[in-house]
Amino acid sequence: MPYIKTSQTSQTCLEAKSQRSGLRCAVFSASGNEYTGEWLKDQKHGKGTQVWKKSGAIYNGDWKFGKRDGFATFSVLLPETKEYVRKHCGGWKNGKKHGFGTHYYKNSSVYEGDWSEDQRSGWGRMYSANGDIYEGEWLKDRNHGEGTIRFANGNWYEGSWRDGKKHGNGKFYYPDKGQIYEGFWIDGVAKCGTLSDFGRDEASTPTKYLLPQQQLVDMQLVLSEAKSDCLERINSKFPLHNTLKETE
């Protein structure tokens, strides 16, 4: 049988024609996953829906060169009821949650806000299943920066956070008692501050007596010294740990 030599140009044309481009019907992978939507040079690109066989999860939205990228909704299948529930709705980039999006958790908690590399980062609001609501800054899935948390019992804290804990200057309100604590926190623990009456007339269960007026000549100086002493102890106890500074 004679050998027919194929030119490089012909080979390139054949390869180009064999690649999927444009809108296609359902295409199944070797693992059984199903994709229906647009393609570009054999890669998912444009609008499309992916169904994972093993978990039953569905991604419906934008794709870019084979990866989830753009706006989409991601739903999961509940094995008990065989019903689909929305898990995430928002932006994606390079296959990960990125930009603004709303995420629904198994315990009924809901987060709406900014994402980066699959983690809550930027500004966001978290509705916890127990009724607590945090609104503020996030970094790598934790409260970090300035933010306010309102607890289900009516109390709330507004101030600085670090790695998911109160850290830095902040205020803690007790509206039921008609009091407010203003002070300085380190790793979630209040270290120094002042407790004073606030909104006693509207409080549901105010304290029996008013708090006595402070008699210090310079209260701010005393608090500043207490804060400096606290930071000095922390830094001396953990010299190799991230150094804490008064500017935090």
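Okay, Tyr 157 first: its relative accessibility is 0%, so this residue counts as buried. Buried here means under 20% relative accessible area, with exposed over 50% and partly exposed in between, using a 1.4 Å probe and protein chains only. Before I go on, keep in mind that this is a predicted model, where local features need pLDDT of at least 70 and side-chain atom pairs count only at pLDDT 80 or more, while totals for chains, interfaces and linings use all residues. Residues are numbered from 1 along each chain as its sequence is written, and side-chain values use heavy atoms, with hydrogens and water left out.

So what does Tyr 157 pair with? Tyr 157 and Phe 172 make a tilted aromatic pair, at 6.5 Å centre to centre and 45° between the planes. For a pair, rings of Phe, Tyr and Trp (its six-membered ring) need centres within 6.5 Å; planes under 30 degrees apart are stacked, over 60 edge-to-face, and the rest tilted. Tyr 157 belongs to strand S12 (residues 156-162) and Phe 172 to strand S13 (residues 165-174), so this pair ties together parts that are 15 residues apart in sequence. Strands and helices, by the way, are DSSP runs numbered from the N terminus: E with at least two residues for strands, H or I with at least four for helices. Phe 172 is buried too, at a relative accessible area of 12%.

Stay on S13 for a second, since Gly 170 is found there. This glycine counts as buried at 9% relative accessibility. From Gly 170 to Tyr 157 is 13 residues in sequence and 7.1 Å in space, C-alpha to C-alpha. Setting aside neighbours within four places in sequence, Gly 170 has contacts that include Tyr 157, Tyr 181 and Trp 185. Contact, for our purposes, is heavy atoms within 4.5 Å.

Now zoom out to the rings. The whole structure has 18 aromatic pairs. One of them is Tyr 59 with Trp 63, which is edge-to-face at 4.9 Å centre to centre and 75° between the planes. Tyr 59 is buried at 0% relative accessibility, and Trp 63 is buried at 7%. Tyr 59 also has the charged end of Arg 68 over its ring, 5.7 Å from the centre. To count as sitting over a ring, NZ of Lys or CZ of Arg has to be within 6 Å of the ring centre and within 35 degrees of the ring normal. Arg 120 does this as well, over the face of Tyr 111 at 5.7 Å from the ring centre.

Tyr 111 is also part of one aromatic cluster, whose members include Tyr 157, Phe 172, Trp 161 and Trp 185.

Next, the cores. How many residues make up the largest nonpolar core? Eleven in all, among them Tyr 111, Met 126, Ile 149, Tyr 157, Trp 161 and Phe 172. The elements giving two or more residues to this core are strand S8 (110-116), S10, S12 and strand S14 (179-186). A second, separate core has eight residues, including Tyr 35, Trp 39, Tyr 59 and Trp 92. A nonpolar core means a set of buried Ala, Val, Leu, Ile, Met, Phe, Trp, Tyr and Cys residues joined through side-chain atoms within 4.5 Å.

Trp 161 is a busy one: not counting residues up to four places away in sequence, its contacts include Tyr 134, Gly 145, Ile 149 and His 167.

That takes us to strand pairing. Two strands pair if DSSP finds at least two bridges between them. S11 and S12 run antiparallel with six bridges, and Gly 145 stands opposite Trp 161 in S12. Five residues lie between S11 and S12 in their hairpin, and Gly 154 in that turn has a positive phi of about 105°. On the other side of the story, strand S10 (residues 133-139) and strand S11 (residues 142-150) pair antiparallel over six bridges. Glu 135 has Thr 148 as its bridge partner in S11. That hairpin has two residues between the strands, and Lys 140 takes a positive phi near 50°.

Last stop, earlier in the chain. Strand S5 (residues 67-78) and strand S6 (residues 83-93) are antiparallel over nine bridges, with Ala 72 opposite Gly 90 in S6. Four residues separate S5 and S6 in their hairpin, where Lys 82 has a positive phi of about 60°. S6 then joins strand S7 (residues 96-104) through five bridges, also antiparallel. In this hairpin Asn 94 has a positive phi near 55°.
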